[in-house]
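The following questions and answers ask why certain terms are applied to a protein structure. Each answer sets a value against the rule that gives the term its meaning.

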Amino acid sequence: MPEFDLLIIGGGPGGYVAAIRAAQRGLHVAVVEKERPGGVCLNWGCIPTKAMLRSAEVFETLSAAADFGVQADNVRFDFAAVRRRKDGIVGKLTGGVAGLLRANGVTVIEGHARFTGPTTVEVFEPGPSPVFTDGPRYAAAPTGTPTRTVTATDVIVATGSVPAALPVPGADLPGVITSDGAFGLTEVPRRLLVIGGSAVGVEWAGLFAAFGAEVTVVEMQDLLVPAEDTEIGAALGRSFTERGITVLTGCTVTGIDRTGDALEVDVNGATTRKIAADIVLVGVGRRPNTADLDLKYAGLDTDARGFIPVDDRLRTTVENVYAIGDVTGKALLAHVASHQGLTAADVIAGHDAHIDYTVIPAATFTHPEIASVGLTEDAARAGGHEVVIAKFPFAALGRAEALGETQGFCKIVAGARYREVLGVHIIGPSASDLMAEGALAISLEATLDELADTIHAHPTLGEIGMEAALTGLGLPIHIAPRSR
């Protein structure tokens, strides 16, 4: 007889949420985790970067305090203290997750899991502590005698992802790091070159630029954050340039060499150039963390990119084996992993549940922030939609002016016939928080008319959705109408 009803491999934002929901549904649940609970999000991603970005934001605000009538002389930062604050926040939240698992009666097994059958794993002692300096964060899986064998009626694979390697000469040199390695830096680099202008790359670029680093971002696409609406990418590029960050789009890195104490990066674009840097941060994507799981013994196949295919109920091709989170390749976002975890746990517990990926909000914590949900303008047009574009600038909001945060805009993509909201894209203050209204609007099939008719509190940043909708309807109040 199986030891557990459900075994979850990985205690990240997908795994621990699935464990809690399954326990709430009355299942006897175990989680195998080789590090601290919380996964990449709590330990090496979402939370620690946002903690450090908040320190950078406070530093920039204090540096400009005179603009608010506040005298703050000799403003400086202590990078070691920034890191300690980050570590304290991470420790508090991971400890909180561990407490929630205990409170829900979930058994946590520390170690590295390897399949020996579809619903059976061997657990080995965890390997060495994570490596934060040069090279990969994850050491090779431990060898030797397993500490125990665990069986379950159902299994969920929730092992997440790791940073992808850069396939160019010199990518393994000292001083070339991933986002994980950036947490090991004990001082702000004088010159930082970031390879990759998507969410991870631009967040680190903005953070270190705020602390005084000379930053260059290299992105192979024509705009930064290429997954976002093109107007958002263009606006972020302008903002970065205004802040003194060098932005090289339409460029690729073809090699990295070490010359004395510096790294020399070969960048090819319209012209070829060599750029000197003290640290090179590689942020070119992520790959599934399935190495050393022995998926073959579970009978699990992967796609061409190494991800585990699943259906809308998170079932794999093997009966009683499910997968959630980054290993599925659906959308490498913590909140998607959590929602997948809830869905999988409900399905396993006998409830009729499935996941819909059509409304997935995303946020990038640059300064100004970026958030989006639904279709971009280009994607809507390519999908055959006739669209109307509704835009409103933060500079015309009283609350934004009072905050001194007037960069950016809200852009709503709506259907031309029924004015239904197809996509919302924001760059500006608190964009990540404001996007909840956009996600709800698409989920409820709201229209521009309904957004415009909803009374929004004043003065707030949240008014921007209403004001954009009014503009899209041709009835703007707080900006001049377009010339006819």
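Q: What is the volume of the second largest pocket, and which residues are the closest to its centre?
A: In this predicted model, the second largest pocket has a volume of about 680 Å³. Its lining consists of 29 residues, and the closest to the centre are Glu 57, Glu 60, Thr 61, His 367 and Glu 405.

Q: Which helix gives the most to the lining of the second largest pocket?
A: Helix α3 does, with seven residues. At least two lining residues come from each of α3, α6 and α11 (431-443).

Q: What makes up the lining of the second largest pocket by class?
A: The lining has 11 nonpolar, eight polar and 10 charged residues. Glu counts as charged, and Glu 57, Glu 60 and Glu 405 are among the lining residues.

Q: What is notable about the peptide bond between His 367 and Pro 368?
A: The bond is cis, with omega at about 10°. Pro 368 lies in the loop between β18 (362-364) and β19 (369-374). Another cis peptide bond joins His 458 and Pro 459, where omega is about -5°. Pro 459 is found in the loop between α12 (448-453) and α13 (463-472).

Q: How many aromatic pairs are there?
A: The count comes to seven aromatic pairs.

Q: Why is the pair of Phe 59 and Phe 211 called tilted?
A: Their ring centres are 6.1 Å apart and the planes meet at 40°. Rings pair if their centres lie within 6.5 Å, and an angle that is neither under 30 degrees nor over 60 counts as tilted, so this pair is tilted. Phe 59 lies in helix α3 (residues 46-63) and Phe 211 in the loop between α6 (199-210) and β10 (214-219), so the pair ties together parts that are 152 residues apart in sequence. Both Phe 59 and Phe 211 are buried.

Q: Why is the pair of Phe 79 and Phe 211 called edge-to-face?
A: The angle between the planes is 75°, with 6.0 Å from centre to centre. An angle over 60 degrees counts as edge-to-face, and therefore the term applies to this pair. Phe 79 is in helix α4 (residues 79-103), 132 residues from Phe 211. Ring pairs link Phe 59, Phe 77, Phe 79, Phe 183, Trp 204, Phe 208 and Phe 211 into a cluster.

Q: How do you know that a charge sits over the ring of Phe 409?
A: The charged end of Lys 391 is 4.6 Å from the centre of that ring, and the distance part of the rule asks for a value within 6 Å. Arg 114 likewise lies over the face of Phe 124, at 4.9 Å from the ring centre.

Q: Why is Val 29 counted as buried or exposed?
A: Its relative accessibility is 1%, and buried means under 20%, so Val 29 counts as buried. Val 29 lies in strand β2 (residues 29-33).

Q: Why is Asn 320 called partly exposed?
A: The relative accessibility of Asn 320 is 29%, which falls between the cut-offs of 20% and 50%, so Asn 320 counts as partly exposed. Asn 320 also has a positive phi of about 75° although it is not a glycine.

Q: How do you know that strands β8 and β15 pair?
A: Three bridges join β8 (residues 176-178) to β15, and pairing requires at least two. The two strands run parallel.

Conventions: Residues are numbered from 1 along each chain as its sequence is written. This is a predicted model: local features need pLDDT of at least 70, side-chain atom pairs count only at pLDDT 80 or more; totals for chains, interfaces and linings use all residues. Side-chain values use heavy atoms; hydrogens and water are left out. Helices (H or I, at least four residues) and strands (E, at least two) are DSSP runs, numbered from the N terminus. Buried means under 20% relative accessible area, exposed over 50%, partly exposed in between (1.4 Å probe, protein chains only). A charge sits over a ring if NZ of Lys or CZ of Arg is within 6 Å of the ring centre and within 35 degrees of the ring normal. On a 1 Å grid over the protein atoms alone, a cavity is a set of points where a 1.4 Å probe fits but cannot get out, and a pocket is an open set with protein on both sides within 12 Å along at least five of seven lines; lining residues have an atom within 4 Å of a point. Grid points are joined across faces, edges and corners, and a volume is the space filled by probe spheres set on the points.
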